[in-house]
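Reader: I have a chain to look over at the bench. Can you walk me through it in short answers?

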Amino acid sequence: MICRCEEIEIDEIRKWIAAGYTEFDELKRILRVGMGPCQGRGCRDIIVRELARATGKPIAEVRAGVIRPPVKPVKAMLLADED
């Protein structure tokens, strides 16, 4: 199990890489890897290493995808200045 949040195994990731999906963001759109509660902290590095291995690129050249912080509502009064 590579992405625990979305329950994605390495075999499925390898299948999609072999099908031509060679960027993290492409795999993210198809498999939802990196979109669970951990926001990719548990799987991103493993998937990037797998992409590097499969494409023959150095890890530094594999794009790790867009990282977005989790969004949750914040009360306006918490953002307002008390003065």
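**Surface, core and charge pairs**

Author: This is a predicted model. Start at the surface: Val74, Met77, Leu78 and Leu79 make up a nonpolar patch there, and their accessible area together is about 500 Å².

Reader: Is Met77 buried or exposed?

Author: Met77 sits in helix α4, residues 76-79. Exposed means over 50% relative accessible area. Met77 has 66% relative accessibility, so Met77 counts as exposed.

Reader: Which helix gives the most to the largest nonpolar core?

Author: The largest nonpolar core has 15 residues, and Ile13, Leu27, Val33, Ile47 and Leu51 have the most contacts inside it. Helices α1, α2 and α3 (44-55) each supply at least two residues of this core. The helix that gives the most, with four residues, is α3.

Reader: Which residues does Leu27 contact, leaving aside neighbours within four places in sequence?

Author: Leu27 is among the core residues with the most contacts inside the core. Contact here means heavy atoms within 4.5 Å. With those neighbours left aside, the partners of Leu27 are Ile13, Trp16, Ile17, Tyr21, Arg32, Val33, Ile47 and Leu51.

Reader: What is the nearest side chain of opposite charge to Asp25?

Author: Asp25 lies in helix α2. Asp25 is buried and has no salt bridge. A salt bridge needs the nitrogen and the carboxyl oxygen within 4 Å. At 4.6 Å, the nearest side chain of opposite charge is Lys28.

Reader: Which residues are joined into one network by salt bridges that share partners?

Author: Arg14 in helix α1 and Glu50 in helix α3 are 36 residues apart, and their closest N and O atoms are 2.8 Å apart in a salt bridge. Glu50 also forms a salt bridge with Arg53, at 2.5 Å between the closest N and O atoms. Arg53 and Glu50 are about one helical turn apart, because they are three residues apart in helix α3. Shared partners give one network of Arg14, Glu50 and Arg53.

Reader: Is Glu50 buried or exposed?

Author: Buried means under 20% relative accessible area. Glu50 has a relative accessible area of 8%, so Glu50 is buried.

Reader: How many residues apart are Glu23 and Arg63?

Author: Glu23 and Arg63 form a salt bridge, with closest N and O atoms 3.5 Å apart. Glu23 is partly exposed at 33% relative accessible area, while Arg63 is exposed at 56%. Glu23 is in the loop between α1 and α2, Arg63 is in the loop between α3 and α4, and their separation along the chain is 40 residues.

Note on methods
Residues numbered from 1 in each chain as written. Predicted model: local features only at pLDDT ≥ 70, side-chain atom pairs only at ≥ 80, totals over all residues. Heavy atoms only, no water. Patch = residues over 30% accessible without salt bridge, like charges linked within 9 Å, V, L, I, M, F, W, Y side chains within 5 Å. Areas by Shrake-Rupley, 256 points an atom, 1.4 Å probe, with all protein chains shown as cover. Buried < 20%, exposed > 50% of the residue type's maximum accessible area, 1.4 Å probe, protein only. Lys, Arg positive; Asp, Glu negative; His and termini not counted. Core = buried A, V, L, I, M, F, W, Y, C linked by side-chain atoms within 4.5 Å.
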